[in-house]
Amino acid sequence: MNNSFLKSLGERLQEARKKCGLTQDQVAKILGINKVQLSYYETGAREINITLLQELANLYGYSIDYFLGNEDKKEPEVEIAFRADEFCEEDLETIAFAKTFLRNLCEMRELMGR
């Protein structure tokens, strides 16, 4: 991965996280990584493995193609917002599931021409 790709990927990751209203601490905790590692990904300082990128895409409600810069893919049409001071790991897993479900539903509707 070249530096401009990593920087673009990092910017998209950071933007998606902020749109979800999540902090780096919250995301790092649910993924079992440390905040510094997440920061490296968001600044494009380090490469991210595909498994972790998929977990972030699920948590944020985006397709993995969006983060990889596929021009045909865009931000999710449906967004879910939650307001809380703190999230537990189970809450974040539920949010990730709901966002993945809605993204898949939108993709199915698009395929069916609706």
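**Exercise 1. Lys-7 and its partner**

Task: In this predicted model, decide whether Lys-7 is buried, partly exposed or exposed, and then describe the salt bridge in which the side chain of Lys-7 meets that of Glu-11.

Solution: Begin with Lys-7, whose relative accessible area is 49%; since buried means under 20% and exposed means over 50%, Lys-7 is partly exposed. Glu-11, with a relative accessible area of 43%, is likewise to be classed as partly exposed. Next, take the distance: the side chains of Glu-11 and Lys-7 meet in a salt bridge at 3.8 Å, N to O, and the cut-off for such a pair is 4 Å. Finally, place the pair in the chain: Glu-11 and Lys-7 are four residues apart in helix H1, and therefore they are separated by about one helical turn.

**Exercise 2. The other salt bridges**

Task: State how many salt bridges the rule gives, and work out where the partners of Lys-19 and Arg-17 lie.

Solution: The count comes to three salt bridges. Lys-19 pairs with Glu-15, their closest N and O atoms being 3.5 Å apart, and because these two residues are four places apart in helix H1, about one helical turn separates them. Lys-19 has a relative accessible area of 41% and is partly exposed, while Glu-15, at 36% relative accessibility, also counts as partly exposed. Arg-17 forms a salt bridge with Glu-42, with 2.6 Å between the closest N and O atoms. Arg-17 lies in helix H1 and Glu-42 in helix H3, so this pair ties together parts that are 25 residues apart in sequence. As for accessibility, Arg-17 counts as buried at 6%, and Glu-42 is buried with a relative accessible area of 4%.

**Exercise 3. H1 against H3**

Task: Describe how helix H1 packs on helix H3, giving the angle and the axis separation, and then analyse the residues that meet.

Solution: Helix H1 (residues 3-19) and helix H3 (residues 35-43) pack at an angle of about 120 degrees, and their axes are 5 Å apart; this angle makes H1 oblique to H3. On the H1 side the residues are Gly-10, Glu-11, Leu-13, Gln-14 and Arg-17, which meet Leu-38, Tyr-41 and Glu-42 of H3. Sorted by class, this contact has three nonpolar, two polar and three charged residues. Arg-17 and Glu-42, both listed in the contact, are also the partners in a salt bridge.

**Exercise 4. H2 against H4**

Task: Carry out the corresponding analysis for helices H2 and H4, giving their angle and axis separation, and find whether their crossing is left-handed or right-handed.

Solution: The angle between helix H2 (residues 24-31) and helix H4 (residues 50-60) is about 125 degrees, with the axes 11 Å apart, and that makes H2 oblique to H4. The crossing of the two helices is right-handed. H2 contributes Val-27, Ile-30 and Leu-31 to the contact, and H4 contributes Leu-52, Glu-55, Leu-56, Leu-59 and Tyr-60. By class, these residues divide into seven nonpolar, no polar and one charged.

**Exercise 5. The surroundings of Ala-16**

Task: Establish whether Ala-16 is buried or exposed, and identify which residues Ala-16 touches beyond four places in sequence.

Solution: Ala-16 lies in helix H1 and, at 1% relative accessibility, falls under the 20% limit and is therefore buried. Setting aside residues up to four places away in sequence, Ala-16 touches Tyr-60, Tyr-62 and Phe-67. In addition, the C-alpha atoms of Ala-16 and Ala-57 are separated by 8.7 Å, although the two residues are 41 residues apart along the chain.

Definitions and conventions: Residues numbered from 1 in each chain as written. Predicted model: local features only at pLDDT ≥ 70, side-chain atom pairs only at ≥ 80, totals over all residues. Heavy atoms only, no water. Axes fitted to C-alpha atoms, helices over the stretch in contact; angles between N-to-C directions. Parallel < 35°, antiparallel > 145°, perpendicular 65-115°, else oblique. Left-handed = near helix turned anticlockwise from the far one by under 90°. Contact = heavy atoms within 4.5 Å. Nonpolar A, V, L, I, M, F, W, Y, C, P; charged D, E, K, R; others polar. Buried < 20%, exposed > 50% of the residue type's maximum accessible area, 1.4 Å probe, protein only.
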